[in-house]
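Dear colleague,

Please find the structure below, together with its sequence. I should be grateful if you would keep it open while reading the notes that follow.

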Amino acid sequence: MDGSGVEASTTAAWMERHRQMYERATRHPFTVSIRDGTIDLSAFKRWLSQDYLFVREFVAFVASVLLKCCKQEDSLDMEIILGGVASLSDELSWFKNEAVKWDVDLASVPPLKSNLEYHRFLGSFTEPEISYAVAVTTFWIIETVYQDSFSFCIEEGNKTPPELLGTCQRWGSAEFKQYCHSLQRIVDHSLANAPADAVKSAEEAFVRVLELEIGFWEMSSSQC
Ligand SMILES: Cc1ncc(CN)c(N)n1
């Protein structure tokens, strides 16, 4: 609580403390080039196929967050996270449809280095020792980076190519923003009740996600 009796948000404080890195993740030249219409379409196609592989790994990660949530005494967050798991089925179908549209063969694409590094990070959350507070923080910031990055591509003044607007809407919509805010409330509530070492680990995971997201955009831009 601050002096006015308003509960300060830990997530907002972290966003401020790590603002530079947050900006690097959410205003990366890759997404900025979508917004200004200069995107290299081969880079977009690389992102599309790599992100499909990412989302397949993300399913298991979100399922592990759900499992940790269900083991909490008070599992009121369950419905929001379950909704997140359910929406991934639609998301995988979306990637498959887009791949056909862009003539990308998803079956023949191997994951690139930065993607594999992200997969390893996501895979570590199946460990039961990793707390729910850390896992749900990680989930929230992963979703938020996409929400912030893609909503920028559809904000006023954008020159986003019409064929990419559907992609930007997927994560940049008001609905997805609401969902990210719901996750953020869950995270702040969870952190407010977590021990100090878990809060510290959650902040480390927050920063690690920003690094991995930057690496993912870099990989999409340049095939590293
Ligand atoms: C790399 C990455 N980060 C986040 C998201 C949003 N679920 C995604 N699809 N891909």
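**Findings**

S173 counts as buried, because its relative accessibility is 16% and the cut-off for a buried residue is under 20%. Please bear in mind throughout that this is a predicted model. S173 is placed in the loop between α8 (165-172) and α9 (174-192). From there, its side chain reaches the backbone nitrogen of F176 at 3.1 Å.

**The ligand and its surroundings**

Which residues surround the ligand? They are D51, F54, V55, F58, E91, I142, E143, Y146, W171, E213 and F216. Sorted by class, this shell holds 7 nonpolar residues and 4 charged ones, and no polar residues.

Which helices each supply at least two residues of the shell? They are α4 (41-70), α7 (132-152) and α10 (196-222). Of the elements contributing to the shell, α4 gives the most, with 4 residues.

Several contacts with nitrogen atoms of the ligand can be listed by residue:

- D51: an N or O atom in its side chain is 2.6 Å from a nitrogen atom of the ligand.
- E213: an N or O atom in its side chain is 2.7 Å from a nitrogen atom of the ligand.
- Y146: a polar atom of its side chain lies 3.1 Å from a nitrogen atom of the ligand.

Taken on its own, the ligand has 290 Å² of accessible area, and the protein covers 100% of that area. Where does the ligand sit? Its place is in the largest cavity.

**Two positions in helix α4**

Helix α4, which also contributes to the shell around the ligand, contains two further residues that you may wish to locate.

L41 is in helix α4. Is L41 buried, partly exposed or exposed? L41 is partly exposed, because its relative accessible area is 34% and this class lies between the limits of 20% and 50%. The C-alpha atom of L41 is separated by 39 Å from that of K68, and these two residues are 27 apart along the chain.

C69 also lies in helix α4. C69 has a relative accessibility of 1%, so this residue counts as buried. Its C-alpha atom and that of L82 are separated by 9.8 Å, with the two residues 13 apart along the chain.

**A glycine in helix α5**

G83 is found in helix α5, which covers residues 78-101. With a relative accessible area of 37%, G83 is partly exposed. How far apart are the C-alpha atoms of G83 and Y179? They are separated by 9.4 Å, although the two residues are 96 apart along the chain.

**A positive phi in a loop**

D103 is found in the loop between α5 and α6 (113-123). What is the sign of phi in D103, positive or negative? The angle is positive, near 60 degrees, and D103 is a residue other than glycine. For context, most residues other than glycine have a negative phi. D103 counts as exposed because its relative accessibility is 70%, and the cut-off for an exposed residue is over 50%.

**Where to begin**

When you examine the model, I suggest that you start with the ligand in the largest cavity and find the side chains of D51, Y146 and E213. You could then turn to the loop that holds S173, and afterwards to the loop that holds D103.

With kind regards

Note on methods
Residues are numbered from 1 along each chain as its sequence is written. This is a predicted model: local features need pLDDT of at least 70, side-chain atom pairs count only at pLDDT 80 or more; totals for chains, interfaces and linings use all residues. Side-chain values use heavy atoms; hydrogens and water are left out. A residue is near a molecule or strand if one of its heavy atoms lies within 4 Å of it. A polar contact is a pair of N or O atoms within 3.5 Å; within protein, one must be able to donate a hydrogen and the other to accept it, and residues adjacent in sequence count only if both atoms are side-chain atoms. Accessible areas come from the Shrake-Rupley method with a 1.4 Å probe; for residues, only the protein chains shown count as cover. On a 1 Å grid over the protein atoms alone, a cavity is a set of points where a 1.4 Å probe fits but cannot get out, and a pocket is an open set with protein on both sides within 12 Å along at least five of seven lines; lining residues have an atom within 4 Å of a point. A molecule sits in a cavity or pocket if more than half of its atoms lie within 2 Å of its grid points. Ala, Val, Leu, Ile, Met, Phe, Trp, Tyr, Cys and Pro count as nonpolar, Asp, Glu, Lys and Arg as charged, and the others, Gly among them, as polar. Buried means under 20% relative accessible area, exposed over 50%, partly exposed in between (1.4 Å probe, protein chains only).
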